[in-house]
Amino acid sequence: MAIILSGGAILTVNGADDFLPAADIRVEGGIISAIGAAGSLARPGDTLIDCSEALIAPGLVNVHTHAATAFYRGMAEDRPREFWSAGYAMPGQERFTVEDHVFSVRAACAEFLLNGVTCIADRLGNMDRIAPAIEQSGIRAVVGHSLVDARAPADWKTAHAVLERFGTDPRRRVFAGIAPHALDTCSDALLKECARQGERTGARVFLHVAQNEPEVAVVRRRGHDGALACLIQAGLATPNTVAAHAIYLSDAEFEAWPTYGIAIAHCPASNLKIEARTLPLARLVGRVPIGLGTDWTASNNSMDMLVEARLAALVGKMRADDPQALPVRQMVRMLTIDGARVLGLDGLIGSIEAGKRADIVVFDANRLETTPAHDPMANLIYSMGPRSVRDVLVDGQILVRKGQLTRDDEAALARRHRTHGRAPS
Ligand SMILES: [Zn+2]
């Protein structure tokens, strides 16, 4: 049985950025099987969803998340840089159990979906326990178990278990990557081993890079001339690597970065909150794959990708000293097809085209923040928010309908999540 999204205005984000003012999308077997004139694709027995007052876009791709820490929200505000760089741990977090974190994954994935996010790149410890909860939510994900030297043998055991269970084939809705933590918490030997395992298994390698000054200082003490040199030496300076943050690179490193094609997960809210700093986005965009990430809730504290895009654009304009930098069209691509490219998924998702997996977000065009629609892309980047999200499909499954989760109860999740992270009384 097919689902017909009927009569919507469609931001296709295809190669020509075609905008279709009123069209049908036919979803069948998890894929977009056809796009046609409004009212032309429905057959008897199809599920018809009226989108005549809707703006339809590809699902938003969040390229850097830590779903299991969703309940850390509000635990650290207005702290100095040293608070974070000491290990990105919240005081007292050792009292949290794996079960607490696994429940938080369920809440986080629900929140991602309600924000129009259909795909995440998620990483943390205990990924063997976390990833099944991500899979159950229905969201698309690449998952990686965090590796650090301090736990190396045990970590590899878990990382391999995750790789074995989920595989590295991006056509699976949930598949595995390799996730060394960062350049300072991983030795050169561990980073090299990650590069080797990435080549052996076909997995992408995800890591934090140049997130703070002490990290770069550690890398320099190991004899490297900065973070990029460390990646090159480890064999990780390739398009198969996704570097989160990359905010403490030198001018020369930013200049050389595109030569290597290393993808970037840009997390402006997290970077600004922790380091009061971002990368020079306008210098890199178009030269290297860049997607947007919300990072963890301790440092963001939101999962609103539209805010992330707005911040990226506005702060990026300021850094470039150019109001024409980072136009809305580019930001819409960063939220969708470019994010997919970062994860190696641009052949499967990231645009609304026949043959692609049906990861789609339907925004309510009948709300004040979506009107008037002089420029639908500008509305999406600069005025809309999660309140505008009406329906969300992942792999052809309807996971949000009329602003409500179809597989979970938001109020019940929130009730339980509210007590998470509370200090024992
Ligand atoms: Zn992170």
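1. Let's start with helix H12, where Gln330, Met331, Val332, Arg333, Met334 and Leu335 are buried. The helix spans residues 328–335, and 6 of its 8 residues are buried, so "mostly covered" is a fair label. What do those buried residues pack against? Their partners are strand S1 (3–11), strand S6 (60–65), strand S14 (290–292), helix H11 (305–320), helix H13 (337–342) and H14. Keep in mind throughout that this is a predicted model.

2. Now step back to the overall layout. The domain assignment splits the protein chain into domain 1 (3–59 + 351–404) and domain 2 (60–342). Taken over C-alpha atoms, the centres of domain 1 and domain 2 are 28 Å apart. Their contact takes 24 residues from domain 1 and 25 residues from domain 2.

3. Which elements of domain 1 give two or more residues to the side that touches domain 2? They are strand S5 (54–58), helix H14 (376–382), strand S16 (389–394) and strand S17 (397–401). H14 provides the largest share, with 5 residues. By class, this side of domain 1 has 17 nonpolar, 4 polar and 3 charged residues. You met H14 in point 1 too, as one of the elements that the buried residues of H12 pack against.

4. Next, the inside. The largest nonpolar core has 137 residues, and Ile56, Leu113, Ile134, Val143, Ala227 and Ala309 are those with the most contacts inside it. Helix H2 (residues 98–114) gives this core its largest share, 8 residues. The core also draws at least three residues from each of domain 1 and domain 2.

5. Isoleucine 56 deserves a look of its own. Setting aside neighbours within four places in sequence, isoleucine 56 is in contact with Leu5, Gly8, Ala9, Ile10, Ile25, Cys51, Ile352, Ile360 and Val362. To place some of these, strand S1 covers 3–11 and strand S15 covers 360–364.

6. Back to H2, where you'll find valine 102. Is valine 102 buried, partly exposed or exposed? It has 17 C-beta neighbours inside 10 Å and therefore counts as partly exposed. Not counting residues up to four places away in sequence, valine 102 touches Ala68, Arg129, Ile130 and Ala133. Valine 102 and alanine 68 are 34 residues apart in sequence, yet 6.0 Å apart in space, C-alpha to C-alpha.

7. For a helix pair, try H3 (residues 127–137) and H4 (residues 152–166). Their axes come within 9 Å and cross at roughly 30°. Angles under 35 degrees count as roughly parallel, so H3 and H4 are roughly parallel to each other. On the H3 side, the contact involves Met127, Asp128 and Ala131, which meet Thr158, Ala161, Val162 and Phe166 in H4. The residues of this contact divide into 5 nonpolar, 1 polar and 1 charged.

8. Another link across the sequence starts in helix H5 (residues 188–201), the place of glutamate 193. With 19 other C-beta atoms within 10 Å, glutamate 193 is partly exposed. Glutamate 193 and glycine 235 are 42 residues apart in sequence, while their C-alpha atoms are 9.3 Å apart in space.

9. A few backbone spots are worth checking. Most residues other than glycine have a negative phi, and most peptide bonds are trans. Where are the cis bonds listed here? One joins asparagine 300 and asparagine 301, with omega about 5°, and asparagine 301 is found in the loop between S14 and H11. Another runs from threonine 371 to proline 372, with omega near -15°. Proline 372 sits in the loop between strand S15 and H14.

10. Finally, two non-glycine residues with positive phi. Alanine 210 has a phi of about 50° and lies in the loop between strand S11 (205–209) and helix H6 (213–221). Aspartate 321 has a phi of about 55° and is found in the loop between H11 and H12. Which of them is buried and which exposed? Alanine 210 counts as buried because it has 25 C-beta neighbours inside 10 Å, whereas aspartate 321, with 8 such neighbours, counts as exposed.

Key
Residues numbered from 1 in each chain as written. Predicted model: local features only at pLDDT ≥ 70, side-chain atom pairs only at ≥ 80, totals over all residues. Core = buried A, V, L, I, M, F, W, Y, C linked by C-beta atoms within 7 Å. Buried ≥ 20, exposed ≤ 12 C-beta atoms within 10 Å, placed from the backbone. Helix = DSSP H or I, 4+ residues; strand = E, 2+ residues; numbered from the N terminus. Domains from an automatic or database assignment. Contact = placed C-beta atoms within 7 Å. Axes fitted to C-alpha atoms, helices over the stretch in contact; angles between N-to-C directions. Parallel < 35°, antiparallel > 145°, perpendicular 65-115°, else oblique. Nonpolar A, V, L, I, M, F, W, Y, C, P; charged D, E, K, R; others polar.
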